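Colleague: I am new to this structure and would like to know what stands behind the words used for it. Please show it first.

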Amino acid sequence: MKVPLNWLKDYVDVTLPPAALAERLTLAGFEVGELEVIGGSWNHVIIGQITAVNPHPNADRLRLATVDLGQEQETVVCGAPNLNTGDKIAFARVGARLVNPYNGKTEELKPAKIRGVVSSGMICSEKELGISDSHEGIMVLSAEATIGISLSDYMGDVVMDLDITPNRPDCLSVIGIAREAAALSGQSPHIPEIKYEETATPIEERISIEIADPDLCPRYCASLITDVKITESPPWMQERLIACGQRPINNIVDITNYVMLEYGQPLHSFDYHRIRGRKIIVRRAAEGEDFTTLDETERKLTGNMLTIADGEGTVAIAGVMGGLNSEVTENTTAILLEAASFNAASIHYTSHHLGLTSEASMRFERGISAGMTIPALKHATQLIAELGGGKVAKGIIDVYPGKQEPAPFLLTPGEVERIVGIKVSLKKMTEALTALSFDCQADARQIRVTAPYWRSDIRQAVDLIEEVARVIGYEQIPTTMLSDPLPRQNPDPVLSLNRKSRHVLVGHGFQEVMTYTLTSLEMLTNLVPERTPPEPMPIRVANPMTAEQEYLRPNLRANLLATLAANRRHEDGGIRLFELGKIYLHRENDLPTEPDVLCGILCGTRVEKTWLGGNGSFDFYDVKGVVEALLQHLDVTADFQKSSDAGLHPTRQAAIVIEDNGMKVKLGLIGELHPKVADAFEIAETVCLFEINVTTLLPFATGHEMYQAIPRFPGTIRDLALVVDANVTHQRVLEIIQSYPLVSEVVLFDVYSGKQVSPGKKSLAYRLVYQSPTHTLTDEEVNKVQAQILNRLSGELGATLRG
Amino acid sequence: MLEKVEEIKAEALKQLDGIDSVKDLESWRIYYLGKKSPLTQILRGLAALSIEERKTVGAAANRVKALLENSSAEKAKSLREVQLAAEAKEATFDISLPGRPWPVGHLHPITQTMEEMCDIFVSMGFQIVTGPDIEWDYYNFEALNIPAEHPARDTMSTSWVDTREGERQQLLRTHTTSVTARTLEKMEPPIRAIEPGRIYRYEASDATHVPMFHQIDGIAVDTGITMADLKGTLYEFSRRFFGEDRKVRFRVDYFPFVEPGVEMAIECIACHGSGCHLCSNSGWLEILGAGMTHPNVLRRGGIDPEVYTSFAFGIGVERPHMLRYGVDDIRLYFANDLRFLRQF
């Protein structure tokens, strides 16, 4: 809402400098953006009067205008079509800084010779002065403008651009802001009295008004003005409208806009003679009805939308926009002026379903008070009578089925203190509220407060407490720390598991990323070699902004691979990425489940290439090592078992499984990405990946093993080089070795297949540590166990010692 | 035999004297003190000797063995000293060569900021609670005093879930205040909770808008909680997050779920209040919205507003980080370019 200070001064004596007033309003809830100074750049621009217009000797399109500037006269060359002797205009002297209408830049005016005639100065258009984009002709000022004074003294102004919160539609108006400015600076607003003569036939004899749907229209008021002349509105009104960002149209439209900006009440003017059947009915639209609005667009209405109808059909969409069929035109001679109150939710519904918002709908949907209709209607009627030369019909029609007596609220100092935290005396409370025009009846203990009619936002006593705090100023409230007993803490354990997992991975050199939880079907389809759509289908957003953000991610893999591919374009060497976040899985008749999932990716070289050399690229065993390290940090013991995830390499993948009371719980997966999937993401190298469902992991990651005593007796180290069939797994060898309690540690330190062993065989070399908690083992004891181990390995796995 | 022991001793000591490298010393040690050394062989052969000889030869061999062990240790020590002395004079060791690289990981800047913010509130007795990203209309709007067709809904463009005919409407929460609505239902006063999470808006991306970002809401409920406590809590947050000297301003603002409503701003980080492009010449940067929880909201959560008072606040996570580090495009956080992420 733009409020020019000169307009505001009509209703309140502004004593504060503009910046200070802006700050007071901002602190009190009406945030003022930048202060726009109109005329701040108008040095060397003064008001003149055209005294003569003569043809240019050398150019048909140019003329010579002689301008009276009070002390002197100037003759300048001008190309504008609207040069009329007697008009008051803005004259720029040499040295003025004006907007060049052709490039928009501000330039200094210099003396010029135009087609042989010297021209020292210029008659300005609105665009050249930076007032508007209009450059069709020169700006013509009001006849009352004083010749010789500077333009900024005449029409310079400061415009405040206020951000009005949705609860205060009454302040979408100059008077609304004036009331606030007055209350905040200890003044009283002075709202001019409205007076006009009613000379024409009583309105009741000319039209009837009926509200068929009073639930959506609590009040409908109308006046009638006949013998109206449609012209331009006067310059002062046009200037104010322009300052507020509105385009002047004609006197009637301008008056309705002007009064809306002044009072905050939207008005609508009908061409009375185009209202058929001399009646107005406020009613819901017929379902599917077509209606053409003022902007010449055909709209399809629904039965939930409120319309204004005449004897034959719809003439306006209530509170949103008028109809072309009843529009005021240059031939209009009688105006039926509407000021009504409509149900806020209904206007919001209509405006949003039609995709049609207007200054009127924006105000109505915020719930303006029914009390605002009459003052606005009367002032607009007065202005039409004055500026449109009309005769006002006797009386106004006021249909008011939704009338409600304002409910008073009781307010005590104790209640104010309970919320605000400071003692405010009854007297101070009364002063604060009275300044805002609240009616206060105080007794010794409490005040009975009735809100002024325009305050539709006051619904509970707590709303009054804000008013008191607002006027006193939030800066007067002290700052204290909470002093109530500390509530019991029961933090969700998944939060600390998430945090710990993140920190462990960062400690292992992983970079955390955060991707949009919305993704595309294409990305998800790329996750399997066959590129089939995901099964089940992920959750879809009904109104996606783009196809890239249409589905809620059912995994983190797709986004992470895309992140890897994007970074690969500029990043050499090894990339370690992870994300820990929610995935979204459909659930019948309920909100989706949102488990936390951890997904990590390794790609590229294990060690950066340096003068010390590198050592190969990441593979399956790197990602397995990371997961093992992570699980160790989280005190979780898990196995890796064969798995068959379609998106991963067919053999280089494993499920992470926990045995829990004989049940196998799958925590997630590790593996190398299927090469075809890597292709789909435009990645040309091995990608290693892990996925862990943190929500599944949680119950297994809450405990910690009991302490184990540090071994007191030294261990005996033995190496064991075995030859086994190539398909015998390390796991099977390990299980046999580890079944002997005296073996405290097993390290596989070499895996070999090649020339040194027979075809179809491989060699596995282990280092075993034998250790007893009770004594130092003798060679004989160790030899005996090692022989038993070898015996079982040979019997069960066909293992032989490597020669 | 005794002569042989003496011979071994003389030869061993003579050789030891000439040794000038650790490697040669090790070979010497294996030869004279290893399992197959001449002394070991003599000791093993003792059984064949007379008792008398056994005693003298055995003692002599053990004595020599001990002597050689000592001498070898001495030699090792002196060799180490020689080596150190040589290293001390070494001029070619280049300490400026890069170290062997250890991978360095980073938390995402938003995770870092959320952890920092949460830690501040946790230290003031708030506990972290979370709620679903996908919400019922009720918790996101209705329970927060924002009924259907309320204009406040327009300031939070909403993405809706594509539900089937007849199913209850689900949305992507537009603020973490939805968790406040759940917390009020679930917990009994006294309550102090913070609610970090992802939120969504149906908006096209540009330098200041993204469809998904982060927020931390907070709520405190008890008897005797006032706006002064709200100011104190938020001031303490600002002091710790933005710094001791950063001025703070509280002004009136409107959110349907609080009354009175508050907006907290901090003195502009770029211009320190004198007015610049960053703060639109106001000198202040809006940081968070807050207020005293609306009685309607408390009542919907099953809490009697006649008995309890409550404050609530909501702070964005991205913006404070952007302000602190001069990040000028919010999309950078979710583009995940490592050249950006690694800077934090």
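Modeller: What follows goes from chain A as a whole to its contact with chain B, and then to single sheets, helices and residues. This is a predicted model, in which local features need pLDDT of at least 70 and side-chain atom pairs count only at pLDDT 80 or more, while totals for chains, interfaces and linings use all residues. Residues are numbered from 1 along each chain as its sequence is written, and chains are lettered from A and ligands numbered from 1 in the order in which they are written.

Colleague: How do you know what radius of gyration a compact globule of 803 residues would have, and what does chain A have?

Modeller: The radius of gyration is taken over C-alpha atoms, and the globule rule is 2.2 Å times the number of residues to the power 0.38. For 803 residues a compact globule would come out near 28 Å, but chain A has 42 Å. The C-alpha trace of chain A spans about 125 × 80 × 55 Å along its principal axes.

Colleague: What makes up chain A, in helices and strands?

Modeller: Chain A has 20 helices and 42 strands. Helices (H or I, at least four residues) and strands (E, at least two) are DSSP runs, numbered from the N terminus.

Colleague: What makes a residue of chain A count as buried, and what percentage is buried?

Modeller: A residue is buried if 20 or more other C-beta atoms lie within 10 Å of its own, exposed if 12 or fewer, and partly exposed in between, with C-beta atoms placed from the backbone. Buried residues are 41% of the 803 in chain A.

Colleague: Why is A:N661 called buried or exposed?

Modeller: A:N661 has 5 other C-beta atoms within 10 Å, so it is exposed. Its place is the loop between β36 (648–660) and β37 (663–673) of chain A. The C-alpha atoms of A:N661 and A:H44 are separated by 92 Å, with these positions 617 residues apart along the chain.

Colleague: How do you know which residues of chain A and chain B are in contact, and how many are there?

Modeller: Two residues are in contact if their C-beta atoms, placed from the backbone, lie within 7 Å. By this rule 79 residues of chain A are in contact with 71 residues of chain B. Helix α12 (residues 461–472) of chain A gives the largest share of the chain A side, 6 residues. That side has 38 nonpolar, 23 polar and 18 charged residues. Here Ala, Val, Leu, Ile, Met, Phe, Trp, Tyr, Cys and Pro count as nonpolar, Asp, Glu, Lys and Arg as charged, and the others, Gly among them, as polar.

Colleague: Why do β27 and β28 of chain A stand at the edges of their sheet?

Modeller: Two strands pair if DSSP finds at least two bridges between them. The open sheet has 3 strands in the order β27-β29-β28 (chain A), with antiparallel pairing. β27 (409–411) and β28 (439–442) of chain A each have a single partner strand, so one side of each is without a neighbour in the sheet. β28(A) is joined by 4 bridges to strand β29 (residues 447–450) of chain A, and A:C440 stands opposite A:V449 in β29(A).

Colleague: Why are α5(B) and α10(B) called roughly perpendicular?

Modeller: Helix α5 (residues 109–123) of chain B and helix α10 (residues 318–325) of chain B pack at about 105°, with axes 10 Å apart. Axes are lines fitted to C-alpha atoms, for helices over the stretch in contact, and angles run from 0 to 180 degrees between N-to-C directions. Angles under 35 degrees count as roughly parallel, over 145 as roughly antiparallel, 65 to 115 as roughly perpendicular and the rest as oblique. α5(B) and α10(B) are therefore roughly perpendicular. B:P109, B:I110 and B:T113 in α5(B) meet B:E318, B:P320 and B:H321 in α10(B).

Colleague: What makes α2(B) roughly parallel or antiparallel to α4(B)?

Modeller: The axes of helix α2 (residues 22–33) of chain B and helix α4 (residues 51–89) of chain B come within 11 Å and cross at roughly 175°. That makes the two helices, α2(B) and α4(B), roughly antiparallel. Their contact has 7 nonpolar, 1 polar and 4 charged residues.
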